[in-house]
Amino acid sequence: MELTDILILGGGPSGLSTALHLQQLAPQLARRTLVLEKARYPRPKLCAGGLVADAEIILQRLGLDAGEVPHVDASAAHLDFAGRGLRVRAPNSHAIRVIRRDEFDQWLAGKAKDRGMEIREGIKIKNVQPRPDCVIVETEHEVFRSQVVVGADGSNGVTRRCILPNESVHTARVLEVLTPAHAQSRAERREHAYFDFFSVPAGIAGYTWDFPTQVKGESMRCWGVYDTNLLANMPRPALKEPLAEEMARQGFDLNQAELQGHPIRWFSPFAKFSAPHVILVGDAAGADPVFGEGISIALGYGQFAAREIVRAFERNEFSFDGYKHRLVRSALGQALIARWGIAQVVYRLRWNWFQRNFWRHMGWVIGPVAWLFVLNWSKRLS
Ligand SMILES: Cc1cc2nc3c(=O)[nH]c(=O)nc-3n(C[C@H](O)[C@H](O)[C@H](O)COP(=O)(O)OP(=O)(O)OC[C@H]3O[C@@H](n4cnc5c(N)ncnc54)[C@H](O)[C@@H]3O)c2cc1C
């Protein structure tokens with residue numbers, strides 16, 4: 001049995017952010033930390049790769065520049081209903097930076113390794129068992145005994161299932177395809193990111209997206225459809241139908257592209273986030289319910305969790321009883337609660353007239369609410 005002080009299960013943005021923040025806050029603890037990742041970098045991760053400003057701010061505070069990763073900057077984001085709606089720009093900056101996750105996560109893992117963090121790749125966690133004085137973690141070939149375990153193993157992760165087996169599940173359905181960029185499309189269409197909520201009245205409690213991206217330097221579009229499942233009790237079209245409709249409207253054929261799906265576990269204020277000696281971060285804890293936006297959120301969870309771990313070692317107290325209480329009062333938690341509330345309201349008011357008018361004419365409400373309650377939380381996260 002291998003003994004460790006801190007074991008981070010999963011080397012995506014939340015696990016790597018926890019490691020990098022531990023390294024920044026308490027290098028002596030970081031030296032006693034081990035990250036276990038089942039895949040090997042660069043590993044595939046289904047994701048549209050849209051980074052909002054909060055992600056870049058958290059990385060900058062770690063001394064990291066996401067601009068080092070191959071990317072495409074979308075100069076504006078559109079929140080539309082059936083092709084018309086609100087256009088959002090960031091002052092003096094891009095609205096969304098789009099990366100590919102195989103490249104981004106490999107880069108982030110490289111930065112953590114450069115700073116002395118130990119990451120073991122190709123190690124799959126099978127079981128996580130909290131005991132009164134430690135946690136036992138079983139992998140395919142080894143057993144670890146650790147003082148603290150961070151569950152950073154994503155929406156389908158084993159950590160949550162082991163420590164909170166009876167918790168209710170809040171999971172969105174998500175489909176994604178990549179296509180070559182359309183040479184004929186208008187320059188604006190090529191450079192902007194689009195979210196379209198036209199399918200809410202049909203019972204898809206979410207949106208379709210269309211982002212500019214690149215794969216190995218070649219211009220591409222990333223398309224997808226996100227459904228929180230909040231309207232799962234009513235008849236709904238197959239999830240790929242609104243995506244096919246949106247792509248057809250822009251002159252693309254879904255049948256010509258490879259469709260992939262993956263769930264996103266979203267944040268609920270009624271969920272649990274810890275057990276004795278174990279805390280959850282990133283998708284394992286819960287991403288943004290409105291958009292399924294989880295990269296900035298995962299980086300934020302990492303920052304928050306690192307502080308919690310330092311606190312636990314300072315007090316020699318590892319129950320993590322107050323983890324949820326402090327999380328929901330933090331700037332990250334407040335933004336997640338605001339997004340949870342918005343999703344509950346906006347996706348349940350599914351009348352065609354409401355959705356059409358909301359996205360087309362309520363920009364004067366949406367803009368300030370987004371600015372104050374949804375975005376910009378990272379600056380207030382200490
Ligand atoms: C189709 C799609 C599109 C998305 N688009 C966006 C977007 O544009 N912008 C955005 O911000 N968010 C987006 N998201 C959400 C975003 O991908 C996640 O919120 C984010 O990846 C969460 O990071 P994480 O570190 O918590 O989990 P993950 O990135 O899932 O990382 C978990 C890690 O744990 C590892 N792991 C899992 N199980 C085990 C195990 N048993 N043992 C060891 N290791 C394990 C995995 O290999 C992985 O490396 C999208 C998600 C989907 C599905």
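Here is a short walk through this structure, from the ligand and its surroundings out to a patch on the surface.

The model is a predicted one, where local features need pLDDT of at least 70, side-chain atom pairs count only at pLDDT 80 or more, and totals for chains, interfaces and linings use all residues. Residues are numbered from 1 along each chain as its sequence is written, and side-chain values use heavy atoms, with hydrogens and water left out.

Let us start at the ligand. It is surrounded by 34 residues, where a residue is near a molecule if one of its heavy atoms lies within 4 Å of it. The closest are Glu37, Gly50, Arg101, Asp283 and Ile295. Sorted by class, this shell holds 13 nonpolar, 11 polar and 10 charged residues. Here Ala, Val, Leu, Ile, Met, Phe, Trp, Tyr, Cys and Pro count as nonpolar, Asp, Glu, Lys and Arg as charged, and the others, Gly among them, as polar.

Now for the polar contacts (pairs of N or O atoms within 3.5 Å; within protein, one must be able to donate a hydrogen and the other to accept it, and residues adjacent in sequence count only if both atoms are side-chain atoms). A ligand oxygen is 2.7 Å from an N or O atom in the Arg101 side chain, and an oxygen of the ligand is 2.9 Å from an N or O atom in the side chain of Ser14. A ligand nitrogen is 3.5 Å from a polar backbone atom of Gly292. On its own the ligand has 1,000 Å² of accessible area (Shrake-Rupley method, 1.4 Å probe; for residues, only the protein chains shown count as cover), and the protein covers 93% of it. Helix H1 (13-25), strand E12 (171-180), strand E14 (206-215) and helix H8 (295-315) each give two or more residues to the shell; helices (H or I, at least four residues) and strands (E, at least two) are DSSP runs, numbered from the N terminus.

Gly50 deserves another look. This residue sits in strand E3 (residues 50-51) and counts as buried because its relative accessibility is 17%, with buried meaning under 20%, exposed over 50% and partly exposed in between (1.4 Å probe, protein chains only).

Arg160, in helix H5 (residues 158-163), is buried too, at 8% relative accessibility. Its side chain reaches the backbone oxygen of Lys272 at 2.9 Å.

What about Leu3, buried or exposed? At 62% relative accessibility, Leu3 counts as exposed, and it belongs to strand E1 (residues 2-9).
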